[in-house]
Amino acid sequence: MGSPQGSRRVLALLVLLKTFNLICATEVCSNTILPGSKGDQGERGDDGDQGRLGKAGPPGLRGSRGELGSQGDMGQVGKVGPAGAKGDRGLEGADGPGGLKGKPGSTCDCGRYRKFVGQLDINISKLKNAVKFMKNVILGIKETEEKFYLIVKEARKFKEAQMNCKLRGGALAAPETEDTNSLIGKYVAQAGLTHVFIGQRGQGQEGADLDDSQPQNYTAWAPGEPKEPPTKDGCVQMSSTGAWSQSECDVTMFYVCEFLKRKRGPPSVL
């Protein structure tokens with residue numbers, strides 16, 4: 001066996017070798033690069049390109065109502081509306097002050113004036129005949145003692161025809177007697193027409209309305225007419241024979257307007 005000193009050397013060598021292996025395994029002999037300390041913050045880079053537009057998100061809550069804006073400029077003037085109904089007659093005004101007294105007249109020979117007036121009456125009569133000829137022959141207007149009748153050759157629906165007659169100052173023709181109905185029927189035949197709108201609104205065979213006015217008793221329904229009980233919305237047409245029949249209000253056809261003659265005052269006496 002060796003000496004104790006040799007044994008101690010061997011033991012020290014083994015301890016030294018063990019320690020060396022341990023150091024190499026952990027730090028000294030490792031091939032791993034250990035991270036260094038944190039560096040300083042770098043400069044800020046340039047802005048990148050704008051990303052693609054994302055999907056639309058859900059609508060947000062409704063905002064509060066804004067303040068009322070200032071009043072805008074006045075718009076263009078619209079079309080003139082239909083004429084309104086005739087108003088009630090106003091109260092009679094107070095009498096005005098009396099005029100100045102006129103100068104006394106002088107006596108004159110009125111014979112020549114009467115002759116002038118007589119000739120004037122003759123001229124007026126001729127003028128009336130000329131006007132009547134123009135109305136009946138040239139314009140095709142028919143008349144009775146109280147009214148004029150005119151066929152409007154513009155195909156319209158019933159309500160449009162009704163409004164057009166009102167704008168002309170009249171109403172859709174509404175025969176009140178057999179003579180008037182026959183006159184309008186012949187008028188329609190002379191114009192070469194078969195049917196025209198008239199201002200009768202079906203209210204049963206006992207009565208019909210003149211353009212929504214007071215009911216009247218005269219009717220001239222054709223045989224088998226009306227097919228159904230007339231209603232407020234039903235419209236009536238007249239044939240060239242003067243016979244009435246029910247008609248759809250939305251169809252278009254010619255129509256007859258009637259106009260009241262102006263009442264003349266009593267003739268003055270010289």
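Is phenylalanine 116 buried or exposed? I shall open with that residue and then move inward. Please bear in mind that the structure before you is a predicted model.

With a relative accessible area of 56%, phenylalanine 116 is exposed, because the threshold for that class is over 50%. The residue belongs to helix α2, which covers residues 111-138. Together with Leu120 and Ile124, Phe116 makes a nonpolar surface patch of about 280 Å².

Allow me now to give the overall architecture. The protein contains four helices and nine strands. Along the sequence, these elements follow the order α-α-β-β-α-β-α-β-β-β-β-β-β. Of the 270 residues in the protein, 23% are buried. The exposed area is about 23100 Å², and carbon and sulfur atoms supply 55% of that area. As for contacts with a separation of 6 or more, 67% of them link residues 24 or more positions apart.

I turn to the interior. The largest nonpolar core comprises 29 residues, and Ile184, Trp244, Tyr255 and Val256 have the most contacts inside it. At least two residues of this core come from each of β2, α3 (158-167), α4 (178-190), β4 (195-202), β7 (235-239) and β9. The largest contribution is that of β9, with five residues.

Strand β9 therefore deserves a closer look, since it gives the most to this core. It spans residues 253-260, and six of its eight residues are buried, so that the strand is mostly covered. Which strands are joined to β9? Strand β2, residues 147-156, runs antiparallel to β9, with seven bridges joining the two. In that pairing, arginine 156 stands opposite methionine 253. Strand β3, residues 171-172, is also antiparallel to β9, and two bridges join them. There, leucine 172 faces cysteine 257 across the pair.

The next element is β7. How many of the residues of β7 are buried? Five of the five are, so the strand is largely enclosed by the rest of the structure. The burial extends to both faces: Cys235, Gln237 and Ser239 lie on one side, and Val236 and Met238 on the other.

Strand β7 pairs with β8 in the antiparallel sense, over four bridges. Within this pairing, cysteine 235 stands opposite serine 247 of β8. The two strands form a hairpin with four residues between them, in which glycine 242 adopts a positive phi near 90°.

Let me stay with β8 and consider one of its residues. Serine 245 lies in this strand, which covers residues 244-247. Why does serine 245 count as buried? Its relative accessibility is 12%, and the class requires a value under 20%. Setting aside neighbours within four places in sequence, serine 245 is in contact with Trp221, Glu225, Cys235, Val236 and Gln237. Of those partners, Cys235, Val236 and Gln237 have already appeared among the buried residues of β7.

Glu225, another of the contacts of serine 245, brings me to a final local feature. The peptide bond from glutamate 225 to proline 226 is cis, with omega near -5°. Proline 226 itself is placed in the loop between β6 (215-216) and β7.

To close, I return to two points from this predicted model. Phenylalanine 116 is exposed, whereas serine 245 counts as buried.

Definitions and conventions. Residues are numbered from 1 along each chain as its sequence is written. This is a predicted model: local features need pLDDT of at least 70, side-chain atom pairs count only at pLDDT 80 or more; totals for chains, interfaces and linings use all residues. Side-chain values use heavy atoms; hydrogens and water are left out. Buried means under 20% relative accessible area, exposed over 50%, partly exposed in between (1.4 Å probe, protein chains only). Contact means heavy atoms within 4.5 Å. Two strands pair if DSSP finds at least two bridges between them. Patches are made of residues with over 30% relative accessible area and no salt bridge: like charges are joined within 9 Å, nonpolar side chains (Val, Leu, Ile, Met, Phe, Trp, Tyr) within 5 Å. Accessible areas come from the Shrake-Rupley method with a 1.4 Å probe; for residues, only the protein chains shown count as cover. A salt bridge is a side-chain nitrogen of Lys or Arg within 4 Å of a carboxyl oxygen of Asp or Glu. A nonpolar core is a set of buried Ala, Val, Leu, Ile, Met, Phe, Trp, Tyr and Cys residues joined through side-chain atoms within 4.5 Å.
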